[in-house]
Each structure stands twice: as structure tokens, then as C-alpha cells.
Amino acid sequence: IGALIASNDLAALEPLANEAADRYPTQPYFQYAKGWVLNKKGKHKQAIGELEAALDLILDDVSLTNKIYGELAQAHTALGSTSKANMYLRKIKPGF
């Protein structure tokens, strides 16, 4: 899934991310991948729901948390909520 995200291959990633998130609902990486796809497809409100669900599942993965915060910032920016976007940008920890 990571390689598909890196290559921006939405067509290949979407079915995999959806299936993985459905099969493994407690794995935040799969929720992140599903949210990433939704964000790229312009479905920002749905993306926010998936990404916030992923945040609820994270324990100690700073790198993934930063990625989720970045996607949440993009989704909120697209929806015109710059204050929420900035809130998530401020949460990103440097160096990860």
C-alpha cells in the first residue's frame, strides 16, 4: 500500500485500501490509506472521518501520526477551514 501511495496510483490503491480498512478496522495505517484516497478524490469530509478514526487508533507511531495530520490539514484547507488545518499542521512533529 505504501508504494501505491508514493506513486499516487489511486486506481490500484483504492480497492486495496478499502478492503484492508474493512478487514482490519483497528489498524490505523489502513484507515490512513483509505482517508488518503478519499482526500485525493476530493471527498474531503469522508476523508476527515477516516483520518480521525485512524488517529483514535494510533499508539506510538509518530511518523504515521504526522502523515495523518498532514492529510487532515489538506482536507480542512480544501473545505475552507484554515483554522482547523493550521491546528493539525502545528501538531506535526519535526524530524519524523
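Trainee: Which residues in H2 meet residues in H3?

Mentor: In this predicted model, Leu-10, Leu-13, Glu-14, Ala-17, Asn-18, Ala-20, Ala-21 and Asp-22 of H2 meet Phe-30, Gln-31, Ala-33, Lys-34, Trp-36, Val-37 and Lys-40 of H3. These contact residues divide into 9 nonpolar, 2 polar and 4 charged.

Trainee: Why are H2 and H3 called oblique to each other?

Mentor: Their axes cross at roughly 140° and come within 8 Å. An angle has to be over 145 degrees to count as roughly antiparallel, and 65 to 115 to count as roughly perpendicular. The value of roughly 140° fits neither range, so H2 and H3 are oblique. H2 passes H3 in a left-handed crossing.

Trainee: What makes H5 and H6 roughly antiparallel?

Mentor: Helix H5 (residues 62–78) and helix H6 (residues 82–91) pack at an angle of about 165°, with their axes 8 Å apart. The cut-off is over 145 degrees; therefore H5 and H6 count as roughly antiparallel. The crossing of H5 past H6 is left-handed.

Trainee: Which residues make the contact of H5 with H6?

Mentor: H5 contributes Asn-66, Tyr-69, Leu-72, Ala-73, His-76 and Thr-77, while H6 contributes Lys-84, Ala-85, Tyr-88, Leu-89 and Lys-91. By class, the contact residues are 6 nonpolar, 3 polar and 2 charged.

Trainee: Why is Thr-65 called buried?

Mentor: Thr-65 has a relative accessible area of 13%. Buried means under 20%, so Thr-65 is classed as buried. Thr-65 is placed in helix H5 and touches Leu-55 and Ile-58, not counting residues up to four places away in sequence.

Trainee: Why is Leu-79 called partly exposed?

Mentor: The relative accessible area of Leu-79 is 40%. Partly exposed lies between the limits of 20% and 50%, so Leu-79 belongs in that class. Leu-79 is found in the loop between H5 and H6.

Trainee: Which residues is Leu-79 in contact with, leaving aside its neighbours within four places in sequence?

Mentor: Leu-79 is in contact with His-44, Lys-45 and Ile-48 when those neighbours are left aside. Leu-79 and Lys-45 are 34 residues apart in sequence and 8.0 Å apart in space, C-alpha to C-alpha.

Trainee: How many aromatic pairs does a search of the whole structure find?

Mentor: The search finds 4 aromatic pairs. One of them joins Tyr-24 and Phe-30, with 5.8 Å centre to centre and 40° between the planes. The centres have to lie within 6.5 Å, and planes under 30 degrees apart count as stacked, over 60 as edge-to-face. An angle of 40° falls in neither class, so this pair is tilted.

Trainee: Why is the pair of Tyr-29 and Tyr-32 tilted?

Mentor: The ring centres of Tyr-29 and Tyr-32 are 5.9 Å apart and their planes stand at 50°, so the pair is tilted. Both residues lie in helix H3 (residues 28–40), 3 residues apart, about one turn of the helix.

Trainee: How do you know that Tyr-32 is buried?

Mentor: Tyr-32 has a relative accessible area of 5%, and the limit for buried is under 20%. Tyr-29, at 29% relative accessibility, counts as partly exposed. The class of partly exposed also holds Tyr-24, at 43%, and Phe-30, at 22%. Tyr-24, Tyr-29, Phe-30 and Tyr-32 form one aromatic cluster.

Terms used
Residues are numbered from 1 along each chain as its sequence is written. This is a predicted model: local features need pLDDT of at least 70, side-chain atom pairs count only at pLDDT 80 or more; totals for chains, interfaces and linings use all residues. Side-chain values use heavy atoms; hydrogens and water are left out. Rings of Phe, Tyr and Trp (its six-membered ring) pair if their centres lie within 6.5 Å; planes under 30 degrees apart count as stacked, over 60 as edge-to-face and the rest as tilted. Buried means under 20% relative accessible area, exposed over 50%, partly exposed in between (1.4 Å probe, protein chains only). Helices (H or I, at least four residues) and strands (E, at least two) are DSSP runs, numbered from the N terminus. Axes are lines fitted to C-alpha atoms, for helices over the stretch in contact, and angles run from 0 to 180 degrees between N-to-C directions. Angles under 35 degrees count as roughly parallel, over 145 as roughly antiparallel, 65 to 115 as roughly perpendicular and the rest as oblique. A crossing is left-handed if the near helix is turned anticlockwise from the far one by less than a right angle, and right-handed if clockwise. Contact means heavy atoms within 4.5 Å. Ala, Val, Leu, Ile, Met, Phe, Trp, Tyr, Cys and Pro count as nonpolar, Asp, Glu, Lys and Arg as charged, and the others, Gly among them, as polar.
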